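Okay, thanks for squeezing me in. Let me put the structure up, and then I'll walk you through a few spots in it.

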Amino acid sequence: MNKEDTLIKDIRIYQAVSKLSHPIADSTHDISKIAFYVLEVETKGGVIGQGYLLSFHYSPNAVEGALKDMKKFVLEKDYHVYETAQVQKDYEIESEYFGIVGLQRWALATLNVAMWDAWARTMGQPIYRMFGCHRKPIPVYGSGGWISYSDEELVDEVVNYQKRGFTAVKIKVGSPDMERDIRRLNLVREATGPNMKIMMDANQGMDVPSAIKLISNVEHLGIFWFEEPVVNTDFEGYATIHAKTKISLAMGEREYSTVALRELIGRRALDLWQPDLIRLGGVEAWRDSAALANAYNIPVLPHYYKDYDVPLLCTVANPYGAESFDWIDAIIDNPMVIDNGFARPREGEGWGFRFLHEFMTEVKG
């Protein structure tokens, strides 16, 4: 391999929309569109890597601006596709004035994921083999249960997950009327039977007293864990809920660093760590956070990006599972196979899948 061939030659930005796109809502957000940005990195040797971020309908001008600024910075220098750490260090310095937390990090992380894809493809290896790894199947749970669903839509979704072999589902809570949450969770238990694991997610939409009250009202249903009951910065709130109830608490998807993880570890107030690959800053940051969680015997249960998370979970000692949505399956070339609620990493080079160009619209500039 000629070292010159590994230099980044071009970066292209695309937008894509899920074939399943439709309005949905949780306790804190109304989401009008399921959309993504896809970044392609091409090396001088002609290898192409892809990375993507979930954008929904939010701030397209700001997202595209962050991606374009990062692209310009990288292409003005001579980076090799394997220099992920160097690119991160340099761009964090460049972005310091406005802050690297937020969209700047989203852009950097999407590039990081694309660079790892291109580097693994250059080496002819799947991502998970680039690290120490195991090949245990990874449990995957069916996610959704949106507050905007009718009761019929909610039951249809969880029953469909069950028919496909899933053994766990997650339901949104935090409705203005708590009785509605309680009724919906009871409906899911009735529809799926006693063996389905049911989790609930408030998306930070509750306060401490209401979270504790909800837990007490659904304790008989055997809720497996409770995600983001209160705002992610309310560390004492998490500690109070943890002390006053028996339910396992999960959080991490809103974090751009391991600060919350460290704070909650210190308060003995967290049971499951949910790193978001893109918010944290990419592969290295994701694995660093997983290592910290593992040091305190906190299992890793990542947020959203199953097509990246399953292979990454094969590189950590204490994987707990991955979250599954079907949103990109119809617009990529190799959807992940989930068999009886378990997935294995793809054996193809890189991440093992690509977005199909027929569903991608290039963002110029």
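**Aromatics, core, a strand and two cysteines**

Let's start with phenylalanine 36, which is buried, at a relative accessible area of 0%. Keep in mind as we go that this is a predicted model. Tyrosine 52 is buried too, with a relative accessible area of 1%, and these two rings form an edge-to-face aromatic pair, 5.5 Å centre to centre with 85° between the planes. Now, phenylalanine 36 sits in strand 4, residues 35-43, and tyrosine 52 in strand 5, residues 48-54, so the pair ties together parts that are 16 residues apart in sequence.

Phenylalanine 36 has another ring partner, phenylalanine 355, and this pair is tilted: 6.4 Å centre to centre, 55° between the planes. Phenylalanine 355 comes from the loop between strand 14 and strand 15 (360-362), while phenylalanine 36 is in strand 4, so here the pair ties together parts that are 319 residues apart in sequence. Both phenylalanine 36 and phenylalanine 355 are buried. If you search the whole structure, you get 24 aromatic pairs.

Okay, on to the core. Which residues touch the most other members of the largest nonpolar core? They're Phe36, Met200, Phe226 and Trp327, out of 117 residues in that core. As for who supplies it, helix 3, residues 103-123, gives the largest share, with twelve residues. There's also a second, separate core of seven residues, and Tyr141, Ala168, Leu272 and Leu301 are among them. As background, nonpolar side chains tend to be buried together in soluble globular proteins.

Let me zoom in on phenylalanine 226. Skipping its neighbours within four places in sequence, phenylalanine 226 has contacts that include Val173, Met200, Ala202 and Met206. Also on the list for phenylalanine 226 are Ala211, Leu214 and Ile215, and then the run Ile247, Ser248, Leu249 and Ala250.

Next up, strand 6. How many of the six residues of strand 6 are buried? Five of them, so strand 6 (residues 138-143) is largely enclosed by the rest of the structure. And look at its partners. With strand 14, residues 342-343, strand 6 pairs in the antiparallel sense, over two bridges, and isoleucine 138 stands opposite alanine 343 there. Strand 12, residues 322-324, runs parallel to strand 6, and three bridges join them; valine 140 has alanine 322 as its bridge partner in strand 12. Strand 7, residues 168-172, is parallel to strand 6 as well, with two bridges, and serine 143 is matched with lysine 170. Put helix 4, residues 151-163, in with strand 6 and strand 7, and you've got a right-handed β-α-β unit.

Last thing, cysteines. How many disulfides does a search of the whole structure find? Zero. Why does cysteine 133 have no bond to cysteine 314? Well, the sulfur of cysteine 314 is the closest cysteine sulfur to the one in cysteine 133, but it's 7.0 Å away, and that's too far for a bond. The cut-off here is 2.5 Å between the sulfur atoms. From the other side, cysteine 314 isn't in any disulfide either, and its nearest cysteine sulfur is that of cysteine 133. The surroundings of the two: cysteine 314 is buried, with a relative accessible area of 0%, whereas cysteine 133 counts as partly exposed at 40% relative accessibility.

That's my tour, so over to you.

How values were computed
Residues are numbered from 1 along each chain as its sequence is written. This is a predicted model: local features need pLDDT of at least 70, side-chain atom pairs count only at pLDDT 80 or more; totals for chains, interfaces and linings use all residues. Side-chain values use heavy atoms; hydrogens and water are left out. A nonpolar core is a set of buried Ala, Val, Leu, Ile, Met, Phe, Trp, Tyr and Cys residues joined through side-chain atoms within 4.5 Å. Buried means under 20% relative accessible area, exposed over 50%, partly exposed in between (1.4 Å probe, protein chains only). Helices (H or I, at least four residues) and strands (E, at least two) are DSSP runs, numbered from the N terminus. Contact means heavy atoms within 4.5 Å. Two strands pair if DSSP finds at least two bridges between them. A crossover is right-handed if, with the strands pointing away from the viewer, the path from the first strand over the helix to the second runs clockwise. Rings of Phe, Tyr and Trp (its six-membered ring) pair if their centres lie within 6.5 Å; planes under 30 degrees apart count as stacked, over 60 as edge-to-face and the rest as tilted.
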